[in-house]
Amino acid sequence: MKYITGLLLALMLGSPLVNAATLKIATLAPDGTNWMKLMRQAAKDIKKQTDGRVKVKYFPGGVQGSDKSVLRKMRIRQLQGGAVSTGAMAHITNAALLYNLPFTFRNLDEVRAVRAEFDPVIEQALADKGYVMLGLSEGGFAYLMSDKPLKTSDDVRTKKVWVPEGDIISQTTFETGDVEPISLPVSDVYTSLQTGLIDTIASNPTGAIAMQWHTKLDYATDFPLVFLFGMMVVDERAFKKLSAADQAIVRQTMADTFKAMDAQNEKDEIGARKALEQNGMTFVELSDADKALWQELANKALTELKAKDVYPADVFARLQQTLENYRNQQNPAQTAAAE
């Protein structure tokens, strides 16, 4: 009898008997991309599996501003989450940059060989700062793209190079090569290419096409600089308002979606590179000597970045050891010869 009375009272007062929420999540990703299609399907699945208790509303295409703006709006609770670059989270924890250091990975298989061990490290570091990481998205390798062919750092010194706003790794790497890059938010890149404020960028093929940057560029240096990652994070305060069961549904649905997204991104990157070549972009091959000079430049940048505590040096050393072990397993004869 007491339970029935309490139930009627709750209904009369309009008090919810279950935790319900709308997670408003912003991203720079343009609407209509495969990434957004998968994210929207995830939102439908979450709504269905939670019987409408949890809804996800996206704000794509940068309508909520840059990654920096999105994180600020999360702090003041205008947004509950963001799909942002890992670099945008660098001021939260340096573990966010673990995968973003120059020339760390040689191919996609190497990236995937370390993720099972080190994704949880990044996730825990963010959790310690009040963020729930719902997924890491493989964005593919970034290549140096310009209006002229670039092979060495000497070539790059003559160019007006863009680096993402707040990207200390790119900033330091170029400055180590005596290049003074121009820092701009992603939203300003296309206009800046049009006006000539910049003439050189680093981008993955799908990003260059999605943002239409490729229409202003003619050459890509065929030596990947860095592997790009994005991540979806939500404010822990908002996430904890969900019931434990609904939290588990959101986590599992997003995990499955990001796994599918990685598979789709891999296909998209292959297709985007072919599309760039078909549309006239030339991929400039480098000699082994040129590659060695770029690696030397990256090593100098890593030394500077380590001194500034930009990345977790001890964890990165473990990652490098994991990579070395993987390479030995894949091709022990070649690794021994290289040493």
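Threonine 172 is placed in helix H6 of the protein chain, in a model that is predicted. With a relative accessibility of 3%, threonine 172 counts as buried, because buried residues are those under 20% relative accessible area. Residues up to four places away in sequence set aside, threonine 172 touches Ala301, Glu304, Leu305 and Lys308. Leucine 79 is separated from threonine 172 by 93 residues in sequence, and the two C-alpha atoms are 31 Å apart in space.

The surroundings of threonine 172 lead to the packing of H6 with H11. The axes of these two helices come within 9 Å and cross at roughly 125 degrees. H6 and H11 are therefore oblique to each other, because an angle of this value lies outside the ranges for roughly parallel, roughly antiparallel and roughly perpendicular. The crossing in which H6 passes H11 is right-handed. On the side of H6, the contact is made by Ile168, Ile169, Thr172, Thr173 and Thr176, and on the side of H11 by Leu297, Lys300, Ala301, Glu304 and Leu305. Five of the residues in the contact of H6 with H11 are nonpolar, three are polar and two are charged.

A second helix pair is formed by H4, which covers residues 108-127, and H12; these pack at an angle of about 145 degrees, with their axes 10 Å apart. The crossing of H4 and H12 is likewise right-handed. H4 contributes Asp109, Glu110, Ala113, Val114, Glu117, Phe118 and Val121 to the contact, while H12 contributes Val315, Arg318, Leu319, Thr322, Leu323, Tyr326 and Arg327. Sorted by class, the contact of H4 with H12 comprises eight nonpolar residues, one polar residue and five charged residues.

Two aspartates in loops were examined for their backbone angles. Aspartate 178 is located in the loop that joins helix H6 (168-176) to strand S6 (182-184). Phi of aspartate 178 is near 60 degrees, a positive value in a residue that is not glycine. Aspartate 178 has a relative accessible area of 57% and is therefore exposed, since the term applies over 50%. Aspartate 309 lies in the loop between helix H11 (288-307) and helix H12 (313-330). Although aspartate 309 is not a glycine, its phi is positive, at about 60 degrees. Aspartate 309 is exposed as well, because its relative accessible area is 53%.

A further aspartate belongs to a strand. Aspartate 235 is found in strand S9, which runs over residues 226-235. The relative accessible area of aspartate 235 is 9%, so this residue is buried. Beyond residues up to four places away in sequence, aspartate 235 touches Met74, Gln80 and Gly130.

The chain as a whole was then considered. The protein chain contains 13 helices and ten strands. Buried residues make up 47% of its 339 residues. Of the contacts in the protein chain with a separation of 6 or more, 75% are between residues 24 or more positions apart. Along the principal axes, the C-alpha trace spans about 85 × 45 × 35 Å. The radius of gyration of the protein chain is 22 Å, which agrees with the value near 20 Å that a compact globule of 339 residues would have.

How values were computed
Residues numbered from 1 in each chain as written. Predicted model: local features only at pLDDT ≥ 70, side-chain atom pairs only at ≥ 80, totals over all residues. Heavy atoms only, no water. Helix = DSSP H or I, 4+ residues; strand = E, 2+ residues; numbered from the N terminus. Buried < 20%, exposed > 50% of the residue type's maximum accessible area, 1.4 Å probe, protein only. Contact = heavy atoms within 4.5 Å. Axes fitted to C-alpha atoms, helices over the stretch in contact; angles between N-to-C directions. Parallel < 35°, antiparallel > 145°, perpendicular 65-115°, else oblique. Left-handed = near helix turned anticlockwise from the far one by under 90°. Nonpolar A, V, L, I, M, F, W, Y, C, P; charged D, E, K, R; others polar. Rg over C-alpha atoms; globule rule 2.2 N^0.38 Å.
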